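New to this one? Let's go through a few of the labels people attach to a structure and ask what earns each of them.

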Amino acid sequence: MMAPWLIEHLRNIGALNPDRIGRRAKAQRCPRCSTLTLVGLDADRCAFAVRVDVDPIGPVGEILATFADRRTYAVRGDGANLELNARGQFEIQGTPAGVGDYDVVAAHVCGADVLPTIPSKYQPSTRRQELPDAAPF
């Protein structure tokens with residue numbers, strides 16, 4: 001039996017699962033086609049490990065993904081810590097892709113047709129630390 005604090009720590013860093021996939025989505029290359037993807041769990045409980053494309057899709061892209069039998073996922077977070085949430089029929093009907101304050105992406109399928117994309121709601125991190133001209137010591 002592991003100590004509760006250790007279990008919590010391992011969950012937070014995503015190391016509790018044997019494949020090191022946790023709730024926080026991570027950028028990884030697909031092992032088959034080397035395309036850049038996001039990998040993470042799609043829910044807090046009873047989750048599946050999913051691999052999704054990184055390009056956000058709009059309403060037309062979500063319809064085409066659904067017709068191609070590809071699940072869609074909402075990408076929520078603050079830009080640095082992203083989580084994937086599976087979208088069902090009620091989420092798709094209630095808040096179409098591109099309308100909410102989050103990105104919608106499709107499940108990754110190697111060699112699948114490219115879906116129409118839209119600009120991301122998340123801007124890349126532009127934090128750059130300004131260094132002084134002279135050393136402070």
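Q: Why is Ser34 called partly exposed?
A: This is a predicted model, and in it Ser34 has a relative accessibility of 46%. Buried needs under 20% and exposed needs over 50%, so a value of 46% makes Ser34 partly exposed.

Q: Where is Ser34, and what stands out about its phi?
A: Ser34 is in the loop between β1 (26-29) and β2 (36-41). Its phi is near 65°, a positive value in a residue other than glycine. Why mention that? Because most residues other than glycine have a negative phi.

Q: What makes Asp69 count as exposed?
A: Asp69 has 74% relative accessibility. The cut-off for exposed is over 50%, so Asp69 counts as exposed. You'll find Asp69 in the loop between α2 (59-67) and β4. Asp69 isn't a glycine, yet it has a positive phi of about 60°.

Q: How do you know that the charged end of Arg76 sits over the ring of Tyr102?
A: The charged end of Arg76 is 4.1 Å from the centre of the Tyr102 ring. The distance limit is 6 Å, and the charge must also be within 35 degrees of the ring normal. The pair is counted as a charge over a ring.

Q: How many aromatic pairs does the structure hold?
A: Zero. To count, two ring centres would have to lie within 6.5 Å.

Q: What makes β4 and β6 a pair?
A: Pairing takes at least two bridges, and β4 (residues 72-77) shares four with β6, in the antiparallel sense. Val75, for instance, has Asp103 in β6 as its bridge partner.

Q: Why are β5 and β6 said to stand at the edges?
A: The open sheet has three strands in the order β5-β4-β6, with antiparallel pairing. β5 (82-86) and β6 (103-106) each have a single partner strand, so one side of each has no neighbour in the sheet. From one strand to the next, the twist averages 35°.

Q: What does the chain add up to overall?
A: There are three helices and six strands, and along the sequence they follow the pattern α-β-β-β-α-β-β-α-β. Of the 137 residues in the chain, 31% are buried, with under 20% as the cut-off. The chain exposes about 9,800 Å², and carbon and sulfur atoms supply 55% of that.

How values were computed
Residues numbered from 1 in each chain as written. Predicted model: local features only at pLDDT ≥ 70, side-chain atom pairs only at ≥ 80, totals over all residues. Heavy atoms only, no water. Phe/Tyr/Trp six-rings, centres within 6.5 Å; stacked < 30°, edge-to-face > 60°. Helix = DSSP H or I, 4+ residues; strand = E, 2+ residues; numbered from the N terminus. Axes fitted to C-alpha atoms, helices over the stretch in contact; angles between N-to-C directions. Buried < 20%, exposed > 50% of the residue type's maximum accessible area, 1.4 Å probe, protein only. Areas by Shrake-Rupley, 256 points an atom, 1.4 Å probe, with all protein chains shown as cover.
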